[in-house]
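Me: I'd like to learn how to read strand pairing, salt bridges and surface patches from a model. Can we go through one together?

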Amino acid sequence: MLWRRDGKVLYAKDAALIGQTFEPNANLLHAFGGNVVAQFNDLDENERKERKSPTASLLEIYNPVREPWSGDVVAVSEFYEIADDLQGTLNSALWSSWLLVAGATAVALAMLSGIVLRGTSTIDAQRSALETQVAELQLLLEQNSALRERVQQASHRNGNQRALLAPHWV
């Protein structure tokens with residue numbers, strides 16, 4: 001069909017519709033705004049019987065018709081297409097894209113888990129090395145304290161022995 005802005009049918013396959021005026025629907029108004037509109041609709045019972053298709057989907061398309069010199073929308077063409085194949089293709093593409101997203105997400109999570117596990121093992125190894133070094137330092141500090149104590153004792157004994165050996169002048 002070919003529509004005028006006020007809802008008048010300028011051309012239709014069914015000649016009885018030509019010249020009749022209908023209330024413009026949202027898709028028609030959107031097309032008069034300069035946009036191509038496409039929408040899936042299910043066929044009604046009569047249309048299914050007519051086309052002998054129990055589950056046919058219908059693709060309803062509204063296309064703006066513009067004046068070549070001004071670009072203004074002067075009419076809208078409306079046409080329909082049986083879209084069973086297109087609907088199946090769209091559903092297949094939807095499932096494929098979801099599977100791709102799920103697969104990419106799983107790979108990213110596996111890689112992140114690997115990074116975290118490797119980081120955890122590095123941290124554990126560094127913690128173990130630090131604990132070993134702290135234990136060694138503690139042992140060295142204890143040995144150092146014991147040596148310092150022995151040096152002080154030796155120095156103290158040496159000081160007492162000098163005092164005994166030193167001549168006493170009176």
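Me: Let's start with strands. Which residue in E5 is the bridge partner of Trp 3?

Reply: Before we dig in, keep in mind that this is a predicted model. To read a pairing, take a residue in one strand and look up its bridge partner in the other. For Trp 3, the partner in E5 is Val 76. That bridge belongs to the pairing of strand E1 (residues 2-3) with strand E5 (residues 73-82), which is antiparallel and has two bridges.

Me: How many bridges link E4 and E5, and in which sense do they pair?

Reply: Strand E4 (residues 57-66) pairs with E5 over nine bridges, again in the antiparallel sense. For a spot to click on, try Asn 63, whose bridge partner in E5 is Ser 77.

Me: What should I expect of the side chains along a strand?

Reply: In a regular strand they alternate between the two faces of the sheet.

Me: And what lies between E4 and E5?

Reply: Six residues do, and the two strands form a hairpin. Check the backbone angles in the turn: Gly 71 has a positive phi of about 80 degrees.

Me: On to charges. How many salt bridges does the structure hold?

Reply: Two. The idea is to look for a side-chain nitrogen of Lys or Arg within 4 Å of a carboxyl oxygen of Asp or Glu. Arg 4 and Asp 6 make one of them, with their closest N and O atoms 2.8 Å apart. Asp 124 and Arg 127 make another, at 3.4 Å from N to O.

Me: Why can Asp 124 and Arg 127 be described as about one helical turn apart?

Reply: Because they sit three residues apart in helix H3 (residues 84-165), and that spacing is about one helical turn.

Me: Are the residues of these salt bridges buried, exposed or partly exposed?

Reply: Read that from the relative accessible area, where partly exposed lies between the 20% and 50% cut-offs. Arg 4 has 34%, so it is partly exposed, and Asp 6 falls in that class with 42%. In the helix pair, Asp 124 comes out at 40%, partly exposed, and Arg 127 is partly exposed too, at 46%.

Me: Last one: which residues form a nonpolar patch on the surface?

Reply: For a patch, you look for nonpolar side chains that sit together and still have accessible area. Here Leu 10, Tyr 11 and Ile 18 do this, with about 290 Å² of accessible area together. Leu 10 is in strand E2 (residues 9-11) and is partly exposed, with a relative accessible area of 37%.

Key
Residues numbered from 1 in each chain as written. Predicted model: local features only at pLDDT ≥ 70, side-chain atom pairs only at ≥ 80, totals over all residues. Heavy atoms only, no water. Pairing = 2+ DSSP bridges. Helix = DSSP H or I, 4+ residues; strand = E, 2+ residues; numbered from the N terminus. Buried < 20%, exposed > 50% of the residue type's maximum accessible area, 1.4 Å probe, protein only. Patch = residues over 30% accessible without salt bridge, like charges linked within 9 Å, V, L, I, M, F, W, Y side chains within 5 Å. Areas by Shrake-Rupley, 256 points an atom, 1.4 Å probe, with all protein chains shown as cover.
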